[in-house]
Amino acid sequence: MNETPRGRGRRLPGSHDAPKVAALGGGHGLYASLSALRLVTPHISAVVTVADDGGSSGRLREQFNVLPPGDLRMALSALCDDSEWGYLWRAAIQHRFSALPEAPQEIDGHAMGNLLLVSLWQLLDDPVAGLDWASRLLEARGRVLPMALDPLIISGDAFMQDGSRERVVGQAKLAKAARVVNLSLEPEEARECEESTRAILDADWVILGPGSWFTSVIPHLLLPQSRDALCQTDAKICVSMNLGLEQKETSRLGAVGHLESLEEYAPELSIDAVVADPTSMERSHEFEEAVEARGAKMVWNRMRTRRGEDVHNPLRLAAAYQEVMRTRDKAYGMEPDAPTV
């Protein structure tokens, strides 16, 4: 019964020439990245952080001792097929139950997709198989994998208003802290997700970010097997910068500080390209010099939605990713397909 399903999703035109991409992150940032990448290639592996301990995910994690399903659900939603079936199931798994005030509150606030994943994990006793079956149901373009097979706890030092530091435990609390340092993950002996490691090692491109920098992106550098794979892979590595750089946990970090934080937690990591929106930073020339000093390619593109929010437009982000990947594709005698809707 726990046989991994095959034949998920449908191929894009020219998909046999498309690059294999591993996208790392979590939450809304990874959702944005996947929404763009699915317009460029069908060969996507989403490697998702599993340290979330807030909201519906935190409740299910504590109650059933399972991986927090929320970020995994978001990734599946981003990869849903563009069909009547895909649109319906995208809406269904994102639906949150809202109980009447006087009614029992057991499932109030839970997303249907979170409950679906927990059901599959209990039936199959295999997180990866459960995600693969969910992907098959949704006809997803790509594969969604957990960073590790055990739920993780992230900790860090947060700066207080008086300048002192306070140790903060848990993703939900850290995400609200103003500037965090000295991050760590527990348990140190967390079980490796071999499929995730293989996806990083087998990829042509690895995308880091966008997303909550210290609670969604950096965790991939804190887990030894993930960090080692990122440092050893032959894949090119692209860093996708956030549109809002000075928010909560990254307050006063600065654009260049984002790159320096990657080097702090993974000194051997080699970056090949950086994607950013010039409107997201004041000293864009200084940032470009820092990128080029690291031997990486700088790709600028205006990627905000028309409303000017800190939300990526999938088509514009897809165009930026395509520009990043073009040099390597030409080296193989390939021309990437234009982004398709």
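In strand β9 (residues 273-276), the side chains split between two directions: A273 and V275 point one way, V274 and A276 point the other way, and all are buried. This picture, like the rest of what follows, comes from a predicted model. Strand β9 has a partner in strand β8 (residues 236-240), and the two run parallel, joined by three bridges. One residue pair shows how they line up: S240 has V275 of β9 as its bridge partner. V275 is thus named twice here, as a buried residue of β9 and as the partner of S240.

Elsewhere, three strands come together as an open sheet, in the order β5-β4-β6, with antiparallel pairing. The edges are taken by β5 (165-169) and β6 (180-186), each of which pairs on one side only. From one strand to the next, the twist averages 20 degrees. Looking at one of the pairings, strand β4 (residues 153-159) runs antiparallel to β5, and five bridges hold the two in register as a pair. Within this part of the sheet, G156 sits opposite V168 of β5.

The edge strand β6 is also home to L185. Is L185 buried or exposed? With a relative accessible area of 10%, L185 counts as buried, because the cut-off for that label is under 20%. As for its surroundings, leaving aside residues up to four places away in sequence, L185 touches M147, L152, I153, I154, P219, L222 and L223. P219, one of these contacts, lies 34 residues from L185 in sequence, yet the C-alpha atoms of the two are 7.4 Å apart in space.

Turning to the helices, a packed pair is described by the angle between the two axes and by the distance between them. For helix α1 (residues 27-37) and helix α3 (residues 70-78), that angle is about 20 degrees and the axes are 9 Å apart. The angle is under 35 degrees, so α1 counts as roughly parallel to α3. The crossing of α1 past α3 is right-handed. Which residues meet where α1 and α3 come together? On the α1 side they are G27, H28, L30, Y31, L34 and S35, and on the α3 side D71, M74, A75, S77 and A78. Sorted by class, this α1 and α3 contact has six nonpolar residues, four polar ones and one charged one.

Terms used:
Residues numbered from 1 in each chain as written. Predicted model: local features only at pLDDT ≥ 70, side-chain atom pairs only at ≥ 80, totals over all residues. Heavy atoms only, no water. Axes fitted to C-alpha atoms, helices over the stretch in contact; angles between N-to-C directions. Helix = DSSP H or I, 4+ residues; strand = E, 2+ residues; numbered from the N terminus. Parallel < 35°, antiparallel > 145°, perpendicular 65-115°, else oblique. Left-handed = near helix turned anticlockwise from the far one by under 90°. Contact = heavy atoms within 4.5 Å. Nonpolar A, V, L, I, M, F, W, Y, C, P; charged D, E, K, R; others polar. Buried < 20%, exposed > 50% of the residue type's maximum accessible area, 1.4 Å probe, protein only. Pairing = 2+ DSSP bridges.
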